[in-house]
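Here are my notes for a first reading of this structure, set out as numbered points. Please keep the model open beside the text and look up each residue as it comes.

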Amino acid sequence: RRSAGAGLIVLAMSEAFNNQHELGLDINGNAGTRFFTAGAAAINSHMSNTGSTVPELTIADASAVKASDYRLSFNGTQWDLTRMSDNTSVSGTGTLELDGLEVEVSSGTPVSGDSFQFNPARAAGNQFSLAIRDPAAIAAASAVRATAATANTGATTITGLQITDPSRIPLAAPVSLTFSADALGAGQPGFIVNGGAAAALAYDPLADSAGKSFTLASLGVSFTVSGKPAEADNISLGHNSGARGDNSNALQLAGLKSKQVINGTQTLQNFYGGIVAQVGVSTRQADANLQVEASLLQQAEQYRENISGVNLDEEAANMLRYQQAYQASAQIIKVANEVFATLMNSLGQ
């Protein structure tokens, strides 16, 4: 089970890291590719199967997979996909979905009683590897860059620029955010957005200077604006054609360590700490069991020795006693023999 737990880390980290890496650009301006490869789970068929179905497993959401074996079985009418750790199951005749897994069972002809078993987490941990070998292919730069106009007179900063919809990247054209005291109407300050998505973003330099977050769904980006812009100050968002010297996507990759990517509730570090704690508890329990068993063994050996054991001092004393008894008996026989010889001699005369 701990092996499967380690596999969950591999699955969650691979999916989260790959997804973020694919949003960036490498040093040559190429889009990022998959960084890690997790092993595919082998679906083992039961030896008594007689049907021809070959299930296909897809991990749609690695963060939802559990550290458990899964069983797929056909009851003559429909398929049952069961998480064996607690018997949670789903049933149907098409694609079955459970814990971020999608199992397709449409191919072949099943027979009642056919079953399969697999553990995607354990397989991922056993076959984990790097998908890229060239350091130049590391997508450290963001695909979108924010640039403040050199003519700006205020102090405006955009931070936390993230891509929320990869399908809209790269941007078709640059997008400009121009500050106006009347962007949303008289006396309502904000940024007028032009290019790609005409809109106005409410932003009050007096109330929002510490930072206000925005998401432009039509552009597939989100960001945080802070500072006190001056009238007509402009910030543009555009494709990062010059990826050199930009590590913004690398920072996003590093930030994954604090995100809850396992079951939506745990970070990689916390989950790993839990596994280490389980190993420590199991080791301590094994040591305690060893001490108890060693004590029981010692008591059993002492009991056996008390019943059938040999005391060397006692045996030495017995040897001396038996030797002395033997010598005394030999002396008696000698005397008796002499008396008998004397009698025989007397009778002979």
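**Notes on the predicted model**

1. Strand β5 is mostly covered, since four of its five residues are buried. Please keep in mind throughout that this is a predicted model, and that "buried" is used here for a residue with under 20% relative accessible area.

2. What does β5 pair with? Strand β5, residues 70-74, is joined by five bridges to strand β6, residues 79-83, and the two run antiparallel. These two strands form a hairpin with four residues between them, and in the turn Gly76 has a positive phi of about 100°. Strand β5 also pairs in the antiparallel sense with strand β10, residues 115-118, over four bridges. Ser73 is a good residue on which to follow both pairings, for its bridge partner in β6 is Asp80, while its bridge partner in β10 is Ser115.

3. These pairings belong to an open sheet of five strands, in which the order is β3-β10-β5-β6-β7 and the pairing is antiparallel. The edge strands are β3 (44-45) and β7 (88-92), each of which pairs on one side only. When you trace the sheet in the model, begin at β3 and follow the order across to β7.

4. A further set of pairings involves strand β16. Strand β15, residues 175-180, runs antiparallel to strand β16, residues 190-194, and five bridges join them; within this pair, Ser180 stands opposite Gly190. Strand β16 is in turn joined by four bridges to strand β17, residues 199-202, and this pair runs antiparallel as well. For the pairing of β16 with β17, a residue to look up is Phe191, whose bridge partner in β17 is Leu201.

5. Which side chains form salt bridges? Side chains of opposite charge can pair when their charged atoms come close. With a cut-off of 4 Å between a side-chain nitrogen of Lys or Arg and a carboxyl oxygen of Asp or Glu, the count comes to three salt bridges. Arg83, Asp86 and Asp99 are linked in a network of them. Asp86 forms a salt bridge with Arg83, with the closest N and O atoms 2.6 Å apart, and the side chains of Arg83 and Asp99 meet in another at 2.7 Å, N to O. Because Arg83 lies in strand β6 and Asp99 in the loop between β8 (96-98) and β9 (101-104), the pair ties together parts that are 16 residues apart in sequence.

6. Are the members of this network buried or partly exposed? Arg83 and Asp99 are both buried; for Arg83 the relative accessibility is 11%, so this residue falls under the 20% limit. Asp86, by contrast, has a relative accessibility of 43% and therefore counts as partly exposed.

7. Asp165 and Arg168 also form a salt bridge, in which the closest N and O atoms are 3.2 Å apart. Asp165 counts as partly exposed because its relative accessibility is 23%, and Arg168, at 41%, counts as partly exposed too.

8. The largest pocket holds about 300 Å³ of space. It is lined by 14 residues, of which Leu11, Arg34, Ala38, Gly39 and Ile59 are the closest to its centre. The elements that give two or more residues to this lining are α1 (2-21) and β4 (56-59), and α1 gives the most, with five residues.

9. Ile59 deserves a separate look, as this pocket residue is found in strand β4. With a relative accessible area of 30%, Ile59 is partly exposed. Ile59 and Asp99 are 40 residues apart in sequence, yet their C-alpha atoms are 9.0 Å apart in space. Asp99 is the residue that was met above as a salt-bridge partner of Arg83.

10. Which residues make a nonpolar patch on the surface? Val335, Val339 and Leu343 form such a patch, of about 250 Å². Val339 has its place in helix α6, residues 312-348. Because its relative accessible area is 46%, Val339 is described as partly exposed.

Methods. Residues are numbered from 1 along each chain as its sequence is written. This is a predicted model: local features need pLDDT of at least 70, side-chain atom pairs count only at pLDDT 80 or more; totals for chains, interfaces and linings use all residues. Side-chain values use heavy atoms; hydrogens and water are left out. Patches are made of residues with over 30% relative accessible area and no salt bridge: like charges are joined within 9 Å, nonpolar side chains (Val, Leu, Ile, Met, Phe, Trp, Tyr) within 5 Å. Accessible areas come from the Shrake-Rupley method with a 1.4 Å probe; for residues, only the protein chains shown count as cover. Buried means under 20% relative accessible area, exposed over 50%, partly exposed in between (1.4 Å probe, protein chains only). Two strands pair if DSSP finds at least two bridges between them. On a 1 Å grid over the protein atoms alone, a cavity is a set of points where a 1.4 Å probe fits but cannot get out, and a pocket is an open set with protein on both sides within 12 Å along at least five of seven lines; lining residues have an atom within 4 Å of a point. Grid points are joined across faces, edges and corners, and a volume is the space filled by probe spheres set on the points.
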